[in-house]
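User: Hi! I would like to talk through the side-chain packing and the strands of the structure below. Could you take my questions one by one?

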Amino acid sequence: MLKCESLTKKYGSKLAVHNLTLNIEKGKVYALLGSNGSGKTTLMKMIAGLTHPTSGTILYENQPIGIASKKEIAYMPTDSFFYKYMSIKDVGKYYKDFFQDFDEEKYKELLERMELSEKLKASSLSTGLGAKLKLCVTLARKAKLYMLDEPLNGIDIIAREQVMNTILEAMNEENSFIISSHLVDELETVIDEAIFIKNGVLELNRSAEELRAQYNNSISEIYKMIYLGKGEF
């Protein structure tokens, strides 16, 4: 579905992503793991077509990232991307104007599940409610590749199960998910593959099942081993 080849991104003298090669297959769920500043968000933005690589290539369905790919890739960033005047209902209209695959009825169903009223101003929402709104508007698209950057950011421990169940229900054999999160334990049971990035470099990309078997540990513990420098990979 998606191929990144020798991907590098620099911001001035800062190297955000370095010589990264990665394949994303249809029907799988990928955990994109790494500490703050590791390059996760930069990678997602390049795949979404929001920023261009310094060098290297990204192909979606064997075509360069562009208008066609944006029609099938749904990206949920960490930052709020709604105008201050927008109500939650306006957010849905905004997405409907931009994306042909936006399902208005699905959006309303997701809002109801998340207990969000269409009358509320998006700018008035707490961090947690804002995260729920971003998730609703992203999952209301009938995309083939969903990228969720820290979808549990600001979500309290009680609501996390609700959010994860909503994401799980959107998964099927025809789409793929790339999910970044610091809350590795929350992703442990849902992912097919784990992608570990450290200082912009791809440290490890393997099947979650293979990793658990090889290192006799959970993905959460392997994460600690990689980023605390304990063990050889």
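Analyst: Happy to! Please keep in mind that this is a predicted model.

User: Let's begin with the rings. How many aromatic pairs does the structure hold, and how is the pair of Y146 and F177 classed?

Analyst: The structure holds 10 aromatic pairs. For Y146 and F177, the centres are 4.7 Å apart and the planes differ by 15 degrees. Planes under 30 degrees apart count as stacked, so the Y146 and F177 pair is stacked.

User: How far apart in sequence are the parts that this pair ties together?

Analyst: Y146 belongs to strand β7 (residues 145–149), while F177 belongs to strand β8 (residues 176–180). The pair therefore ties together parts of the chain whose separation in sequence is 31 residues.

User: Are Y146 and F177 buried or exposed?

Analyst: Y146 has a relative accessible area of 4%, and F177 has 0%. Buried means under 20%, so Y146 and F177 are each buried.

User: Which residues of the largest nonpolar core touch the most other members, and which helix gives the most to this core?

Analyst: Nonpolar side chains tend to be buried together in soluble globular proteins. Here the largest nonpolar core has 53 residues, and those touching the most other members are Y107, L133, I167, F177, F196 and I219. With six residues, the helix that gives the most to this core is α5 (residues 127–139).

User: How many residues are in the other core that lies apart from it?

Analyst: Among the members of that other core are C4, L32, L43 and A48. Its residue count is 24.

User: Which residue has its charged end over the ring of F99?

Analyst: F99 belongs to a cluster linked by ring pairs, together with Y83, Y85, Y94, Y95, F98, F102 and Y107. A charged end sits over the F99 ring, 3.8 Å from its centre. That charged end comes from R141.

User: E193 caught my eye. Is E193 buried or exposed, and with which side chain does it make a polar contact?

Analyst: E193 lies in strand β9 (residues 193–198). Its relative accessibility is 13%, so E193 counts as buried. Residues that E193 touches include V29, Y30, N205 and R206. The side-chain polar contact, at 3.0 Å, is with K28.

User: On to the strands. Which strands stand at the edges of the open sheet, and why is one side of each left without a neighbour?

Analyst: The open sheet has four antiparallel strands in the order β2-β1-β4-β5. Each edge strand has a single partner strand, so one side of each lacks a neighbour in the sheet. These edge strands are β2 (14–24) and β5 (63–64).

User: How many bridges join β1 to β2, and which residue in β2 does K3 stand opposite?

Analyst: Strand β1 (residues 2–11) runs antiparallel to β2, and seven bridges join them. The residue in β2 opposite K3 is N23.

User: What is phi for S6 and for N62, and is N62 buried or exposed?

Analyst: S6 lies in strand β1 and has phi near 50 degrees, a positive value in a residue other than glycine. N62, in the loop between β4 (55–60) and β5, also has a positive phi, near 65 degrees. S6 counts as partly exposed at 30% relative accessibility. At 59% relative accessibility, N62 counts as exposed.

Definitions and conventions: Residues are numbered from 1 along each chain as its sequence is written. This is a predicted model: local features need pLDDT of at least 70, side-chain atom pairs count only at pLDDT 80 or more; totals for chains, interfaces and linings use all residues. Side-chain values use heavy atoms; hydrogens and water are left out. Rings of Phe, Tyr and Trp (its six-membered ring) pair if their centres lie within 6.5 Å; planes under 30 degrees apart count as stacked, over 60 as edge-to-face and the rest as tilted. Helices (H or I, at least four residues) and strands (E, at least two) are DSSP runs, numbered from the N terminus. Buried means under 20% relative accessible area, exposed over 50%, partly exposed in between (1.4 Å probe, protein chains only). A charge sits over a ring if NZ of Lys or CZ of Arg is within 6 Å of the ring centre and within 35 degrees of the ring normal. A polar contact is a pair of N or O atoms within 3.5 Å; within protein, one must be able to donate a hydrogen and the other to accept it, and residues adjacent in sequence count only if both atoms are side-chain atoms. Contact means heavy atoms within 4.5 Å. A nonpolar core is a set of buried Ala, Val, Leu, Ile, Met, Phe, Trp, Tyr and Cys residues joined through side-chain atoms within 4.5 Å. Two strands pair if DSSP finds at least two bridges between them. Lists of a residue's contacts leave out its neighbours within four places in sequence.
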